[in-house]
Amino acid sequence: MFERFFNYSNELMCIASLDGKFLHINDAFVDLLGYSREQLLTRPFLDLVHPEDIEKTQLEMRHIGAGQNTVNFENRYRCSDGSTKFISWKSTLDPESNLIFATARDITTEKLAINQYAQLYKMVTDNIIYVKTDVKGVITEVNDMFCEISGYDRNELIGKTHKVVNSGVHSHDFFKTMWKAIRSGQVWKDAITNRRKDGSQYVVESIVAPMLDIDGKVEAYIALRQDITERIQYQQLSKKNLDILNETGEIAKVGGWELEIETGQLFWTDETFKILDVQKRNGAQPVLEEGLQLFTDEHKPIIDKAVNDAAQNGTPYALELQAMTPKGEVKWVYTNGKANYRDRKIYSLSGTIQDIHEKKLAELRYKEERQRSIQSAKFAALGELAASVAHEINNPLGIISGYAELIKYQGRVDEQKLEAIMKSCDRIAHIVKNLKRFSRSDSSPTKTKVDLAEIVVDAISLTQPRATRHLADIDFFSNREFYVNGNHIELEQVVINLINNAVDAVAKKPLKQISLELKDTDSDIQLRVIDTGGGIDDGLKIRMFEPFVTTKTENMGTGLGLSVVRGIVEDHDAKIEVENIEQGAEFVIKFPKYIEEANHG
Amino acid sequence: MANLVYIDDEVYLTDIFHSLFKDTYHELHTFNDEYEAIEHCLSNPPDILFVDYRLKRMRGDEVAQRIPKDVHIILVTGDVQIDTDYKFDGVIAKPFKLVQLLHTVDGFASH
């Protein structure tokens, strides 16, 4: 009966001799080790003991032999399948038979769990700030790292609450929320700013978890913390740097950008968004293609090429370009870029963008002004010269024309030839009179009621010699006045400019015809200058009134003529347009009509 | 009929005046020297005095100021800009048309 009980038991049971052999072994034990009963009964059991445990097993057997009972002796057995089992023994030497009566338990599972826990615990407490508190928050355990970061000794912390390290940075509610979470069994996570013993602060990423007892009741809390002070400081620093960059960028109107070559992703600073008038989408940065769209059609190929060159060959660039904002506003910007290398490969481009619109406009205006003043200074000098020599020319002219007239009255010679002499005198006199007018160019030209027909005649008399040299015909006929409110000298400059341009245009064409026409419409007075010079490229048509746009080679023109013309025309509330017609170009200036009314005197 | 005086340092111009007026019923005295002319005008005030602006030693307006007030004084000048406060009764620009001179004189004589 005892035999049966012996075998049915789930406990491991055996009877062994002091010389190290099993005499009886129950089924449970046989099953655990996996060997046959015969094998187990014939071999010394030390053969089955883990080599590292043989020595302590032998020692324990001597203790048993000496009559000592074994309680909870642990050793490891190797099973037939190669696995190792932890076994906990309770044995007694039976004095009557001098045999060992032993019961044992397989504790492998517990052992492994404890081992894993121990490792985990060590790993955590060695590397992470670790604190354990009781349910009231009184510290019961801390590791070295917590002592190190807080600056307190272990005995200064045990028995206290976390008030010791409270920095005062967080609100009462902050901790209330935490307590509410962990009391209800939840894990709470957040960054906490704490205070060291020396008063300085540190920031930890904190995880607080409740430890539950068997009944699921909170019995303790464990807090794991990671020092993130440096990371926070770095984040604050880089945010601060970006803030400063954005702020200085705003003041200087300079934006920054970076392009990641591989993805085409652009990074812009706030000011770049502002300069290009692009709405900042939350978190999203633009891509290269969008960036390139923000330039005028004319300048897009230039920036395209510059960016490509920089990305492929590392060529840096610096350009003044016209940007076109999404609202269609054209704006002058300065932008530069350079390649950034990593492992000898270009991985990004970075640079700045600057709003230079005002500066550029001022520059253009200045150049235009200067050109205007150079032109009027030239004319003024010419006028002065004319005034000073007029007397010298007009006296002999008076003699020539006087005698010619006298001879004509006396009727003795060819009257036609005398007419020619007198007409030539008239022409010389007219030119001298015209030139002289420029000497009176005031700094702010006043506008009066002027006759455009007269202005055109005057302009032709001054440009005729040059036109004749280029074999060009200037054609104008008018038998009436066309009054506008304007400045004679300035308008004459406009007409002279247009005629001279027309002369240049027709110079190399077989047909060299320049016609001027005046027309009085219902709404305005129109002056047309029409040439047979082949017309103007469409691309140029838009830009030709801008300063420094010229088709003439160096020394031939400054490219300022038409911009000065436009300046004067606009100053007269008039409009200038250009169209290509059959054989050339047609410039039309539309002046408002002169209004004869009370406030004109 | 009118009494005329013309002062100009250009001999040819005074000659043209002579040739123009010699067959008319007007009486013309011309001078190339302004002092002689002023002397003449003081003793025989003309109806009309034609005077050039740049003379040998004086300017036309300076001459005009020395001439009796009731003489009608016309400036005849090749200058395109004259800097003077003196109000001439008329200005004829050189090169002048002969018919212009005749009209000026006839216009005055028919007053």
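**Exercise 1.** What share of the contacts in chain B with a separation of 6 or more comes from residues 24 or more positions apart?

*Solution.* Start with the ground rules: we're working on a predicted model, where local features need pLDDT of at least 70, side-chain atom pairs count only at pLDDT 80 or more, and totals for chains, interfaces and linings use all residues. Residues are numbered from 1 along each chain as its sequence is written, while chains are lettered from A and ligands numbered from 1 in the order in which they are written. Next, a contact is a pair of residues whose C-beta atoms, placed from the backbone, lie within 7 Å. Filter by separation and you get 54% for chain B; run it on chain A and you get 52%.

**Exercise 2.** Work out the fold pattern and burial of chain B.

*Solution.* Take DSSP runs, numbered from the N terminus: helices are H or I with at least four residues, strands are E with at least two. That hands you four helices and five strands in chain B, laid out along the sequence as β-α-β-α-β-α-β-β-α. For burial, count the other C-beta atoms (placed from the backbone) within 10 Å of a residue's own: 20 or more makes it buried. Of the 111 residues in chain B, 39% pass; of the 601 in chain A, 24% do.

**Exercise 3.** Describe where chain B meets chain A.

*Solution.* List the residues first: 15 from chain B and 18 from chain A. Then sort chain B's side by element: helix α1 (residues 11-21) gives the largest share, five residues. Finally, check the model's scores: ipTM is 0.88 and pTM 0.43.

Technical notes
Buried ≥ 20, exposed ≤ 12 C-beta atoms within 10 Å, placed from the backbone. Contact = placed C-beta atoms within 7 Å.
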